[in-house]
Structure formats: C-alpha cells, structure tokens
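Trainee: Please take me through one part of this model in detail. I would like a close look at the place where the two domains of the first chain meet, and then at what surrounds that place.

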Amino acid sequence: MRGMNRRTFFFVLGVISILGMVLRWTGIRFEGVDYRVCLEPWYQQLKEGGTLAALAGYEGDYNLFYVTILYLLTLVPAEPIISIKMVSILFDYVAAFAVMQVAMSAGEETGKGRFYGALACGLVLCNPVAVINSGYLAQSESIWAGLALLGFWYLSQEKPVRGMWMLGFALAMKLQAVFILPIVLILYFYKKTFSILHLLWIPIAIQVSCIPAIIGGCGFDVAYRTYFRLMGEYPFMYYYYPNIWTFFKEAPYYLFGKAAIVLAFMALLMFAVLFVQSGRRHAMKDYLEYVAWTTMTCAMLLPCMHERYNYIAEIVLPVCAVFEKKYRVPAAALVLLSALCYGGSYLGWSPVSHYALAAGNLLIYFYLTWKCFYGLYDGCRAGKRVEPC
Amino acid sequence: MLKIEKKMISWAERHMLWLLVALAAALGLYLRKIVVWWGAPDINCYFDSHENNVQSAFYYLLIHLMQYLPVLPLHSVKWLVGIADYIVAALCFVAVGGLKDGLKIKSAFYLVVCILSPVAFLRGICWAQVDALAFGFLLGAWILWEKEKRAVATALAICGTALYPCFLLLVLGWMLWGKEKRPGKDWIYFGILAAACYLVQGISGLAMGQAWRESVVSCVRWASYDPCLGTAYQELLLWVKQMAGLFGYGAAMTGGMAACRHRISYVAALAIHLAVLLVYGSILFPVLI
C-alpha cells in the first residue's frame with residue numbers, strides 16, 4: 001500500500017486537489033466580515049480608480065503587494081468574491097506543494113517519499129483551517145504562508161537566492177511571514193550553506209513587489225512605512241488569538257509588549273543554541289517539527305496576535321503527525337481549537353471561551369516545546385558533534 | 001559564505017552559551033528599566049505597616065533605610081528586588097550544577113529562565129515584593145549549608161527569614177523533610193535561626209520606634225492579616241490566594257531547580273510556574289477568572 005508508483009502518485013494528487021477545491025467551493029459565496037468590511041470596499045475603490053494611481057489612494061492597512069494583486073483582480077472579468085478567494089485558494093496549492101516537497105524529502109529516508117508527499121498534500125489541502133481561511137473567509141494567510149514555506153523549502157535544498165526571493169515576497173505580503181525567519185536563521189548558523197548577504201535579497205524582493213505601487217505614485221519606502229504603521233496599530237497584549245496573553249488581557253501593552261517580544265526572542269534563541277550545540281543529525285522530518293515549533297512560539301508568546309497568525313503551525317503540525325505518531329492528538333487538537341476560534345469569530349458559531357482555547361493551545365505548545373527541546377538536549381548531553389547533513 | 005562570516009559564526013558557536021546569558025541579562029535589565037515605572041494597584045501598602053504591623057518590622061526598617069538613596073521611593077524598593085533577581089539567578093545557576101561538565105547548558109538555561117521568568121518579573125520589578133531578596137538569602141544559605149559552612153548559612157537564613165518571616169515555615173519544612181538524617185546539631189542551628197529571626201524583628205521594631213512585642217508579633221501576622229488592608233482575612237479564597245502569592249515565588253523557583261536536579265518532572269515544575277503566574281496575574285490584572 002505504502003510503496004506508490006509515479007502514476008498512482010499523480011492520480012492521488014489529482015483526487016486530493018479536486019477534493020480540496022470542492023471543499024473550498026462549498027463556501028465560495030460566503031461573505032465573511034473582513035470581506036464585507038475591508039476586501040470588497042477596497043476592491044471597489046481600486047476598480048473605480050481604474051489605473052495604477054488607485055494604489056496611491058489606497059487607505060486600508062494591508063501591504064501594497066496584496067493591494068496590487070487586488071488591483072490586478074479588478075481587471076479580471078469575474079465576481080470579486082470569487083476572484084479574491086481564488087487567489088488565496090491558488091496559494092493553498094502552493095503551500096501544499098511546498099509541504100509535500102518537504103514531506104517527500106523526509107519520506108525518502110524510508111523509501112516512502114511519494115506516499116508521505118501525497119498524504120502531506122492531502123492534509124494541507126483538506127485542513128479545515130485552510131479551507132475556512134481561504135475558501136470561506138477570503139483571507140490571505142495561504143499566500144504568505146505558502147510563499148514562506150516555499151522559501152524554506154528552497155533554503156533547505158541549498159537554493160538560497162530563490163528561497164530569499166520567496167521569503168521577500170512572503171514578507172511583502174504580510175509581516176507575519178517573519179515567523180518563518182527564526183528557522184531560516186537557525187539554518188544559516190547550522191548548515192552554513194548560504195551567506196548573510198543572501199538576506200539582502202529579501203528587501204530587494206519587497207521593493208520589487210512594490211514597483212506597481214511606486215509607479216502609481218506611492219513613495220519609494222511605502223512597504224516599510226506600512227510595516228511601521230502596522231506594528232503600532234493595535235496596542236494590545238491580547239488580540240483575539242488565544243495565546244498566553246489571553247490570561248493577561250489587562251496588562252498595559254506599552255509596558256509589557258516589549259517583555260512579551262523579549263520572551264519570544266529568548267525562547268527562540270535558547271532553541272537555536274540547543275539546535276547548534278546538539279550533536280543530532282537533523283532529518284527533514286525534524287525540520288518540519290522545528291518549523292511548527294518556531295512559528296507557534298511566535299504566535300503563543302508575541303503580543304497582539306490575531307486568530308489567523310498561527311496558520312503555518314496549524315497546517316504543518318498535522319504533517320508532522322504523519323511521521324511521529326505522538327503528534328496525532330496535539331495536531332488534531334490544534335486544528336480543532338483553531339477551527340473553533342475561527343468559527344466563533346467569523347462564522348457565527350457559538351463562541352467557546354477564549355480562556356479554554358488558550359489553555360488548550362498552551363498545552364499543545366508546551367508539549368511541542370518539550371518534544372523539540374528534549375530531543376535536542378539529549379544530543380547536547382551526549383556531547384557529540386556531527387556535521388550538518 | 002564568506003571566510004570572515006565563517007570565522008564569526010564559529011566564534012559565536014564557541015561562546016554561544018555566554019552570549020545567550022549576557023544577552024538575557026542585558027534584556028532583563030532593559031525590561032526592568034521600562035516596567036519600574038508601572039505601579040501595582042496596592043502600591044500604598046508597601047510603605048504602610050498598618051496599626052496591626054502586618055508585615056515584618058525588619059522589612060519596614062529596610063524599606064525605611066532605602067528611602068535615603070537618591071532615587072524615587074518606590075524605585076528604591078523595586079531596584080533592590082531587581083538586583084536580587086539577578087543574585088537569585090546566579091545562585092540557581094550554582095545550585096543546578098554551574099560549570100560542571102554536562103550540566104553547563106542546563107545551568108545556563110536555568111539562569112536565563114530565572115532572569116526572564118514572568119513570575120520573577122511580575123513579583124519583583126512590577127509588584128515590588130521582596131520575595132527575591134529573601135529567597136536569595138535562603139538559597140545562598142542552602143548552598144553554603146550543603147558545603148558544611150553552617151554558621152554562615154545560618155546567618156544568611158536569619159536575614160532571609162527576618163525579611164520574610166513566612167519563609168521560616170519553609171525552613172522548618174525542609175528540616176522535617178530530611179528528619180531521619182538530621183543530627184541534633186542541625187536543630188540547634190534551627191533554634192538559633194528562629195530565635196535570631198524574632199530578635200531581629202524586635203530590634204528592627206525598636207529602631208523604628210515601635211513596641212518590642214508588636215514587632216515580634218509581626219513575624220506571624222502574615223498568616224492571618226491582609227497586607228494591603230491591614231485587617232484579618234474574612235474569606236477563605238482570599239486567604240488561599242494570599243498564601244499562594246506569598247509562597248508562589250519560592251515554589252516556582254524551587255520547582256525549576258528541583259526539575260533540573262531530577263527531583264520532580266519538568267512538567268510539574270512548569271505547572272507550578274504557570275499556576276503561580278496565573279495567581280499573580282489575577283491579582284495584578286484583575287480581569288482574569
């Protein structure tokens with residue numbers, strides 16, 4: 001069953017792709033609150049503007065790269081609700097492709113690469129969180145997450161220029177793509193296969209993504225101005241994502257926001273130290289776990305996190321469960337909790353207490369932390385060093 | 001990758017642990033500098049022992065003396081605790097194993113955790129409670145006690161328990177814990193510790209112009225009087241919460257050390273830490289629960 005030939009592999013991929021599209025199509029007419037309040041008015045505003053100059057008049061809080069995509073969609077003869085959602089759905093497939101590649105590479109160590117690849121692809125495309133996010137809510141998480149995962153894949157394959165371009169586009173799409181950077185920096189220290197100078201491709205990619213907006217009349221530094229504006233836009237410790245700060249909602253952001261950032265930074269740094277110091281030869285499936293952990297660390301410990309910011313961990317952890325049985329329950333629980341959170345906030349489901357959701361998320365996070373840290377610490381204790389694979 | 005880059009990375013790898021510790025120390029200081037301006041809701045009671053002398057006389061003497069420093073009154077207390085946080089972290093580093101082979105990473109990590117622990121952060125620099133200082137004295141005493149330096153250890157423990165009399169109960173608990181092994185000499189030291197603790201309270205009270213008896217009684221009032229209101233507890237839940245607050249910091253720090261020394265599981269230590277954090281959070285940011 002598990003040994004899969006090429007033809008079966010592509011057949012299964014086709015079936016999964018169709019199933020993924022069917023799942024998304026069931027919600028294609030659904031208008032979420034963000035669509036009604038933000039995306040649709042922005043689309044209409046850009047359509048009325050007609051030319052690239054409309055980008056300069058854009059008043060929303062999304063990055064110009066996404067707004068440029070919205071502008072291009074106004075030129076497509078399709079209903080906005082469908083065209084906007086189709087872009088997000090397209091990038092669901094990009095994310096699935098990237099995760100599939102990583103899973104195939106991880107599975108090749110056991111000779112079942114195609115089987116694991118198809119399974120991973122199915123888990124991403126049929127993940128309820130991904131379906132709700134792009135198919136129902138027309139959100140753009142799949143775009144930045146897909147690009148970031150693709151960037152990570154290229155970097156792990158020692159193609160740093162392509163990887164950095166993808167990361168640059170992901171960052172140009174949304175600042176949350178920065179959650180993938182810790183694992184990229186850890187790879188930089190550990191693998192030593194690319195230079196710090198490669199990181200310069202990221203601002204170049206961001207700048208390139210803004211060329212249409214600059215032509216339309218925006219300032220040269222428009223991308224960076226948007227980042228700075230966004231960073232201070234919502235000064236709250238808790239912003240609807242049930243993480244540790246749910247329990248400290250009333251803590252003033254202007255004092256405790258930095259403490260939260262430092263906490264997240266130090267947790268990542270301690271992980272990096274263990275990662276580098278451990279004598280483990282990290283396999284590709286380990287990297288998947290590390291991607292899930294680093295992105296989840298950002299979502300759980302950083303302040304002002306939205307419901308959707310743990311997106312990468314939510315689609316990657318179920319794939320980790322394919323390789324490691326112990327992750328099955330945490331992965332299912334994480335997806336369920338996220339779906340409940342989405343449902344309460346956007347789909348009109350009866351809301352579940354955010355304290356309960358936060359407690360559940362924290363339990364999963366601490367379990368994942370324990371698994372990642374303990375595995376690495378064992379290597380450190382043995383005191384052996386091996387060269388990176 | 002450039003040659004210089006490779007050299008820098010290998011240098012960073014060699015000194016990674018110490019860079020981590022230095023960065024944690026610097027960031028811990030930076031955060032404390034920000035939060036020192038924040039005041040807890042019960043800020044007034046730091047300087048008010050109420051007519052019942054709820055908190056220890058030695059504590060008030062220390063607070064009184066700190067006011068002579070050229071900083072804002074509240075900041076003087078907060079920075080005292082802030083420095084104590086670092087001392088506790090250093091002592092925890094030693095207690096967990098220090099620079100011994102195979103334990104270096106664990107010790108360094110625990111040092112970082114102690115400096116940036118949200119429990120220490122909330123209880124110390126945010127709330128200006130002196131638990132860290134008292135705990136530091138006791139931890140130092142324990143380390144010296146283990147090295148058979150009993151007299152100095154007792155002297156340190158006297159400072160800790162006089163400052164925070166509820167910790168006398170902890171010391172008693174610790175003595176009873178290893179009851180079978182304790183020789184009579186140890187109990188003599190404990191007797192000296194208890195007597196000296198009360199003596200220090202009395203003398204401190206006298207120095208502050210209070211009656212001797214009142215100052216000595218301040219040693220036990222923590223068990224039944226609310227430190228903010230100065231009245232006896234009327235509700236059980238409030239009492240439980242206050243006790244969790246009093247012993248929480250010590251429990252969180254000791255729990256971490258015990259886990260590092262394989263006395264309890266890491267899960268238990270983390271659970272203790274989170275539970276204490278929730279109690280502190282619920283008191284400082286009352287929307288919780």
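Mentor: What follows goes from the domain contact to the chain contact and then to a few single residues.

The model is predicted. Chain A is divided into domain 1, residues 1-232, and domain 2, residues 234-389. The centres of the two domains, taken over C-alpha atoms, are 21 Å apart. In the contact, domain 1 of chain A takes part with 50 residues and domain 2 of chain A with 44 residues. About 3,900 Å² is buried between these domains, and carbon and sulfur atoms give 77% of that area. On the domain 1 side, Val129(A), Phe179(A) and Tyr190(A) supply 21% of the area buried against domain 2, more than any other three residues.

The polar part of this interface can be counted. Two salt bridges cross between domain 1 and domain 2 of chain A, and six residue pairs are in polar contact there, both residues being at pLDDT 80 or more. The helices of chain A that each supply at least two residues to the domain 1 side are α2 (33-49), α5 (80-107), α6 (113-125), α7 (128-136), α8 (141-156) and α10 (181-191). The largest share comes from α8(A), with nine residues. By class, the residues on the domain 1 side are 33 nonpolar, ten polar and seven charged.

One spot deserves a closer look. Arg308(A) and Glu141(A) form a salt bridge through their side chains, 3.0 Å from N to O. Asn133(A), in helix α7 of chain A, touches both Glu141(A) and Arg308(A). Other residues that Asn133(A) touches include Ser140(A), Ser142(A), Tyr311(A) and Tyr342(A), leaving aside residues up to four places away in sequence. Asn133(A) has a relative accessible area of 0% and counts as buried, because the cut-off for that class is under 20%.

Helix α4 of chain A, residues 64-74, is another covered part: ten of its eleven residues are buried. Among them are Leu64(A), Phe65(A), Tyr66(A), Val67(A) and Thr68(A). The loop between α4 and α5 of chain A holds Glu79(A), whose side chain meets that of Arg29(A) in a salt bridge of 2.6 Å, N to O. Arg29(A) lies in the loop between α1 (6-25) and α2 of chain A, so this pair ties together parts that are 50 residues apart in sequence. Glu79(A) is partly exposed, at 41% relative accessibility.

Next comes the contact between the chains. It takes 35 residues from chain A and 36 residues from chain B. Chain A and chain B bury about 3,400 Å² between them, with 82% of it on carbon and sulfur atoms. One salt bridge is counted between the two chains: Glu13(B) and Lys192(A) meet through their side chains at 3.0 Å, N to O. Five residue pairs across this interface are in polar contact, both at pLDDT 80 or more. On the chain A side, α10, α14 (253-277) and α18 (354-382) each supply at least two residues. The largest share is that of α14(A), with 15 residues. The chain A side divides into 27 nonpolar, two polar and six charged residues.

Over all chains the structure holds 15 salt bridges. In one of them, Arg225(A) pairs with Asp221(A), with the closest N and O atoms 3.2 Å apart. Arg225(A) is partly exposed at 44% relative accessibility, and Asp221(A) is partly exposed at 39%. In chain B, the side chains of Asp186(B) and Arg182(B) meet in a salt bridge of 3.5 Å, N to O. Here Asp186(B) is buried, with a relative accessible area of 2%, and Arg182(B) is buried at 18%. Salt bridges that share partners also join Asp34(A), Glu141(A), Lys174(A) and Arg308(A) into one network.

Two backbone values remain. Most residues other than glycine have a negative phi. Tyr240(A) has a positive phi, near 80 degrees; it sits in the loop between α13 (222-231) and α14 of chain A. Tyr240(A) is partly exposed, with 43% relative accessibility. His262(B) also has a positive phi, about 60 degrees, and is found in the loop between α12 (236-260) and α13 (266-284) of chain B. His262(B) is exposed, with a relative accessible area of 53%.

Notes
Residues numbered from 1 in each chain as written. Chains lettered and ligands numbered in written order. Predicted model: local features only at pLDDT ≥ 70, side-chain atom pairs only at ≥ 80, totals over all residues. Heavy atoms only, no water. Domains from an automatic or database assignment. Contact = heavy atoms within 4.5 Å. Buried area = accessible area lost by both parts, 1.4 Å probe. Salt bridge = Lys/Arg side-chain N within 4 Å of Asp/Glu carboxyl O. Polar contact = N/O pair within 3.5 Å; in protein donor to acceptor, adjacent residues only side chain to side chain. Helix = DSSP H or I, 4+ residues; strand = E, 2+ residues; numbered from the N terminus. Nonpolar A, V, L, I, M, F, W, Y, C, P; charged D, E, K, R; others polar. Buried < 20%, exposed > 50% of the residue type's maximum accessible area, 1.4 Å probe, protein only.
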